[in-house]
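Biologist: Please take a close look at one helix and the aromatic rings around it. Which of its residues are buried, and how do the rings pair up?

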Amino acid sequence: MIIKILKYIFYGLLIMLIIIAIYLTLTHKNVVNNGTDNDNESNTQTQGEKASEIAGNEDMLILANKTNELAQNYKPSDLSRVNAYASGRDDSTRYMRKEASDSMNKMLEDVKASGMDIVITTAYRSYNLQKIIFENNVKKSGSIEEANKTSAKPGQSEHQTGLAADLSSSKLDFELDTKFGELDEGKWISENSWKYGFILRYPKDKTEITGYSYEPWHVRYVGKEFAKFIKDNNLTLEEFILQRQQIN
């Protein structure tokens, strides 16, 4: 009799322990799920706030593209020399605006220290120089439309802002080639240039937005705060500016 009673007590306790374990498991899942949902909502809200409220130098967001033209006489007043530069280029094109030039010099110094080789082939270009370059590209490609896929018309070039630069390496004989994106140098720029305030201006998957073909060598200075957000959210400069202009 006593043995039967002990068995009943044992089985009763066992059933209670199972019920408690199930209850605790379900309660834990609910807490985790609720926490995840709250985190997702918080992240979404934070992203929206950052898009319009992220701090940075607005002057670095000047837009030059096929629908936003610069005046023929536009020229930055604070152009400063970039140190690492490919030989045989027009000396007038080795300048960037002071803030961008300082960051570029720092970035290329770090690249060199890491054992890689990257230099600027061209940075600032005047309206008139861009006109000559574009006309030459039209002759080479056979039409304005074809040339405009890879070359900007005068007034529409980022180089005139003094905030853009084309990069290359001795591995490519300092030529501009999409192969740059496959080199260690190009991969480094893609992964690290944002830390110095630069973005890849013409990504491979954004040609319909930028209006230009993929250019892994073309970087654009916007400042560290803006560059980080653009990189983290896979945006183009056009998308970022539009997002900042939207009223929440």
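Modeller: A residue counts as buried when its relative accessible area is under 20%, and as exposed when that area is over 50%. The model is a predicted one. In helix H7, residues 224-232, the buried residues are Phe-226, Ala-227, Phe-229 and Ile-230. Viewed down the axis of H7, these buried residues fall within an arc of 165°, so they line one face of the helix. The face turned away from that buried side carries the exposed residues Lys-224 and Asp-232. Just after H7, Asn-234 has a positive phi of about 55°.

Now the rings. Five aromatic pairs are counted in the model. In one of them, the ring centres of Phe-198 and Tyr-221 are 5.2 Å apart and the planes stand at 70°; planes over 60 degrees apart count as edge-to-face, so this pair is edge-to-face. Phe-198 belongs to strand S5 and Tyr-221 to strand S6 (residues 215-221), with their positions 23 residues apart, so the pair links distant parts of the chain. Both Phe-198 and Tyr-221 are buried.

Phe-229 of H7 takes part in another pair, with Phe-240: the distance is 5.7 Å centre to centre, the angle between the planes is 50°, and the pair is tilted. Phe-240 sits in helix H8 (residues 237-245), eleven residues from Phe-229, and this pair too links distant parts of the chain. Phe-229 and Phe-240 are both buried. Ring pairs also bring in Phe-226, giving a cluster of Phe-226, Phe-229 and Phe-240.

Note on methods. Residues are numbered from 1 along each chain as its sequence is written. This is a predicted model: local features need pLDDT of at least 70, side-chain atom pairs count only at pLDDT 80 or more; totals for chains, interfaces and linings use all residues. Side-chain values use heavy atoms; hydrogens and water are left out. Buried means under 20% relative accessible area, exposed over 50%, partly exposed in between (1.4 Å probe, protein chains only). Helices (H or I, at least four residues) and strands (E, at least two) are DSSP runs, numbered from the N terminus. The arc is that of the directions from the helix axis to the C-beta atoms. Rings of Phe, Tyr and Trp (its six-membered ring) pair if their centres lie within 6.5 Å; planes under 30 degrees apart count as stacked, over 60 as edge-to-face and the rest as tilted.
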